[in-house]
Amino acid sequence: MKIIRAKDYKDMSRKAANIISAQVIMKPNCVLGLATGGTPVGTYKQLIDWYNKGDLDFSEVTTVNLDEYRGLPRENPQSYWYFMHDNLFNHVNIDHSRINLPDGTNLDAAAECARYDEVIRSVGGIDLQLLGIGHDGHIGFNEPGSAFELGTHCVDLTQDTIEANKRFFESIDDVPRQAYTMGIKTIMQARKVLLVASGKDKASIVKKAFFGPVTPEVPASILQMHPDFILVGDEEALSEI
Ligand code: PGA
């Protein structure tokens, strides 16, 4: 595990974007595993900025996103498909046929999860997976207690996650109750994993996940076992380690 200390959110975003950009430069046809949430937004902004300056070319990059709400169509502004287009894909020269997310409108969970695992396999696996971390240690929608050996699967969101995500919806009743997510096994198979963490409210889970025991009760703790795991955190998020 490598820990990179950043001064603040902006610095964290630039350092994370640097790692992604190195990946794209070293392997222009790489497979990037991408994440939604508030934390990666600054990283995406930085990548767009470098693209606009002519420093980055996404034309051969393939993306596979971590997760999607079950039941939300793409055009719903709260879908992760929409989020990714709004925050990154619509602003760079990515080939739209190389963008992959679980399809929230396929309500046949077994079929959709199998399809998505096959997508990941068929593109040759993930070169670099970007992650945020939830207050309960979740990665993707792998909540505490998730078996480490799962591929893509359908999950019931915990009350904690529903509460954390309600800020994006009109009311808590509008937050979907289920999602499709890559499993821990899928994430651990990525060749490189980059986790971004920012803010005081992440300090205790960062300590627990990366300096505590490896346990399914803290899903992110498994990353301690990954051979190429990089944590980029700002001063506040790393303040307890
Ligand atoms: P956040 O979400 O980046 O919005 O804090 C992280 C997560 O829940 O994975």
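This is a chat about a predicted model, covering its sheet, its cysteines and its salt bridges.

Biologist: What kind of model is this, and how are residues numbered?

Modeller: The model is predicted, so local features need pLDDT of at least 70, side-chain atom pairs count only at pLDDT 80 or more, and totals for chains, interfaces and linings use all residues. Residues are numbered from 1 along each chain as its sequence is written, and side-chain values use heavy atoms, with hydrogens and water left out.

Biologist: What is the strand order in the sheet?

Modeller: The order is β1-β10-β9-β6-β2-β3-β5, which makes an open sheet of 7 strands with parallel pairing. Strands here are DSSP runs of E with at least two residues, helices are runs of H or I with at least four residues, and both are numbered from the N terminus. Two strands pair if DSSP finds at least two bridges between them.

Biologist: Which strands are at the edges?

Modeller: β1 (2-6) and β5 (99-100) are the edge strands, and each pairs on one side only.

Biologist: How many bridges join β1 to β10?

Modeller: There are 5 bridges between β1 and β10 (residues 229-234), and the two strands run parallel. Within this pairing, Ile 4 has Val 232 of β10 as its bridge partner.

Biologist: Which strands does helix α7 touch?

Modeller: Helix α7 (residues 203-211) packs on the sheet and touches β1, β9 (192-197) and β10. Contact means heavy atoms within 4.5 Å. The direction of α7 makes about 160 degrees with that of β10. Axes are lines fitted to C-alpha atoms, for helices over the stretch in contact, and angles run from 0 to 180 degrees between N-to-C directions.

Biologist: And where does α4 lie?

Modeller: Helix α4 (residues 109-122) lies across β3 (62-65) and β5, and runs at about 150 degrees to β3.

Biologist: New topic. How many disulfides are there?

Modeller: The search of the whole structure finds 0 disulfides. A disulfide is counted when a pair of cysteine sulfur atoms lies within 2.5 Å.

Biologist: What is the nearest cysteine sulfur to Cys 113?

Modeller: That of Cys 154, which is 6.1 Å away, and Cys 113 is in no disulfide. Cys 154 is in no disulfide either.

Biologist: Is Cys 113 buried or exposed?

Modeller: Cys 113 counts as buried because its relative accessibility is 7%. Buried means under 20% relative accessible area, exposed over 50%, and partly exposed in between (1.4 Å probe, protein chains only). Cys 154 has 27% relative accessibility, so Cys 154 counts as partly exposed.

Biologist: How many salt bridges does the structure hold?

Modeller: It holds 10. A salt bridge is a side-chain nitrogen of Lys or Arg within 4 Å of a carboxyl oxygen of Asp or Glu. One of them joins Asp 11 and Lys 15, at 3.0 Å from N to O.

Biologist: Where do Asp 11 and Lys 15 lie?

Modeller: Both are in helix α1 (residues 9-26), 4 residues apart, which is about one turn of the helix. Asp 11 is buried at 4% relative accessibility, while Lys 15 is partly exposed at 27%. Asp 11, Arg 14 and Lys 15 are linked in a network of salt bridges.

Biologist: What does the pair Lys 27 and Asp 127 tie together?

Modeller: Their side chains meet in a salt bridge of 3.0 Å, N to O. Lys 27 lies in the loop between α1 and β2 (31-34) and Asp 127 in the loop between α4 and β6 (128-131), so the pair ties together parts 100 residues apart in sequence. Lys 27 is partly exposed at 31%, whereas Asp 127 is buried at 6%.
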